[in-house]
Amino acid sequence: MKRHAISELLDATLVGQNVTVCGWVRTFRNNQFLSVNDGSSLENLQLVIDREGTDEVLLKRLTTGAAIRAKGTLVESQGSGQATEVDVKVIEVLGDADPEVYPIQMKRHTMEFLREKAHLRFRTSTFNAVFRLRHGLQYAIHEYFDQAGFYMLHTPIITGSDAEGAGEMFQVTTLDLNQVPKNEEGQVDHGADFFGKPSNLTVSGQLEAELGAMALGKVYTFGPTFRAENSNTSRHLAEFWMIEPEVAFNDLTDNMDLAEDCLRFVLTKVLERFPSELEFLAKRESDTEKQLPADQRNEMGLIERLRFVTENPCVRITYTEAIDLLRNSKPFKKNKFKYPVEWGIDLQSEHERWLVEKKFKQPVILTDYPAEIKAFYMRSNDDGKTVAAMDVLVPGIGELIGGSQREERLDVLKEKCAAFDIPEDHVWWYMDTRRFGTAPHAGFGLGFERLVMFATGMTNIRDVIPFPRTPQNAEF
Ligand code: 4AD
Ligand code: MG
């Protein structure tokens, strides 16, 4: 079907020409002004209908959500609010949307309502903007790593290993769950399963990315990851996308530099490429925040926040310094934190938020966490207590990136496996890279949906992925 994209018709370049437009009706005013969107732009195109010359039955079918095709002349708009409009000569309805039942009307719907209608929510301006930005971010990420000399590796989605050691895995099996074969000890006979051993959906592509980095030098994965953690929060999904660069010969400082450089690059790209989407989302955020108490509003607007990250380095402090700051904080002294603060604890979201939102008011990189609370593969520091870990925390979201320098010393890694109860023969291939030409290396995982949250100002992770998977919810 030959047609013009609405994005081509919004400025005056094609004025005077005959054009064909397809799209979905947003609004229809006075039986004359039809506002149409085809996804090529956040903005709608105004079509001016000849209400006397058009069949009345047809006019009634021009309702919100209907799909149409129109032919006419592109003219400079008489009204304010748009540069151009189409003087329609012929219009046809390709698909009706009965207003009695079509759920997406031109009023403000709640995000909860739209989540239940996730198959139709793309048709709202908010989700139009969010998903254009999501696309732009993923494109910029590939661009960043490509220009920085990285190779993208597709790491497996089905794996036998639990990279993070948290046991939060979805099992993959073709066994009949009603008739599971058992061995002599009464345990599941995984030999009879598809892969002949237990397997699961990956929680991270890191371990395999490390293998690639040990020859290709700089690699990254960008794939789906799965976590069966039963946490129903606004920042957790059971299925999310993660970007994991891994670089041979990098240490923790190089790793932090890479993370900051990557963030700066992708945010700069979307600031350049999606100004109207960002303005729209910034306005949406400030409108939404008007209903919140002053202390829950963002101090900076969305665009200001993004600029701030592109223009300023992150604060870098150690975990130990962070614990000291927290223990000297007002909320700690006034017993306002729900969870205890002492050296050795895993920081809770309330602690991270205090650090980035109250203390520093900007992104912070925390390093050198206690070994006990981090994964087995992180490099042990000389103090014997901490590991060369880094978490990038950002306002409004908390942890955006988690990474580390990796343990490259075979003997230390063997001790770590023992301490974490990881049978060496399960990760023999990982150990082999320490046996043959081992080298210092480092990498991190950037949670893609958390990045989209940060870049769009959306406050629930379910609203930045087309079809969220969360506990008790895998609709669509
Ligand atoms: O900190 P995590 O668990 O680190 C890893 O998986 C490492 N293997 C990464 C590496 O070093 N290559 O996860 C990394 C990031 C987090 O910082 C967070 O942004 C995101 O992934 N993330 C989640 N995002 C959405 N839902 C969840 N359930 C997430 N869990 C982690
Ligand atoms: Mg983490």
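Strand S15 contributes the most residues to the shell around ligand 1, with 5 in total. This holds for a predicted model, and the surroundings of the ligand are a friendly place to begin reading it. Two or more residues of the shell come from each of three elements: strand S11 (239-248), strand S15 (398-405) and strand S16 (441-447). Altogether, 24 residues surround ligand 1. Glu 164, Gln 206, Glu 229, Glu 244 and Glu 399 are the closest of these. Sorted by class, the shell divides into 8 nonpolar, 8 polar and 8 charged residues.

Individual atom pairs fill in the picture. Glu 244, already named among the closest residues, places a polar side-chain atom 2.8 Å from a nitrogen atom of ligand 1. Tyr 377 also has a polar side-chain atom facing the ligand's chemistry in this sense, at 3.4 Å from a nitrogen atom of ligand 1. With Gly 447 the protein partner is a backbone atom: a polar one, lying 3.3 Å from an oxygen atom of ligand 1. How much of ligand 1 does the protein bury? Taken alone, the ligand exposes 630 Å², and 93% of that is buried by the protein.

Attention can now turn from the ligand to the packing of helices, where helix H4 (residues 125-147) takes part in two crossings described here. With helix H14 (residues 448-456), the axes come within 10 Å and cross at roughly 120°. H4 is therefore oblique to H14, and the crossing in which H4 passes H14 is right-handed.

The second partner is helix H7 (residues 275-289), which packs against H4 at an angle of about 130°, the two axes being 10 Å apart. This angle makes H4 oblique to H7 as well. Is the crossing of H4 and H7 left-handed or right-handed? For this pair of helices, the crossing is left-handed, whereas H4 passes H14 in a right-handed one.

Key
Residues are numbered from 1 along each chain as its sequence is written. Chains are lettered from A and ligands numbered from 1 in the order in which they are written. This is a predicted model: local features need pLDDT of at least 70, side-chain atom pairs count only at pLDDT 80 or more; totals for chains, interfaces and linings use all residues. Side-chain values use heavy atoms; hydrogens and water are left out. A residue is near a molecule or strand if one of its heavy atoms lies within 4 Å of it. A polar contact is a pair of N or O atoms within 3.5 Å; within protein, one must be able to donate a hydrogen and the other to accept it, and residues adjacent in sequence count only if both atoms are side-chain atoms. Accessible areas come from the Shrake-Rupley method with a 1.4 Å probe; for residues, only the protein chains shown count as cover. Helices (H or I, at least four residues) and strands (E, at least two) are DSSP runs, numbered from the N terminus. Ala, Val, Leu, Ile, Met, Phe, Trp, Tyr, Cys and Pro count as nonpolar, Asp, Glu, Lys and Arg as charged, and the others, Gly among them, as polar. Axes are lines fitted to C-alpha atoms, for helices over the stretch in contact, and angles run from 0 to 180 degrees between N-to-C directions. Angles under 35 degrees count as roughly parallel, over 145 as roughly antiparallel, 65 to 115 as roughly perpendicular and the rest as oblique. A crossing is left-handed if the near helix is turned anticlockwise from the far one by less than a right angle, and right-handed if clockwise.
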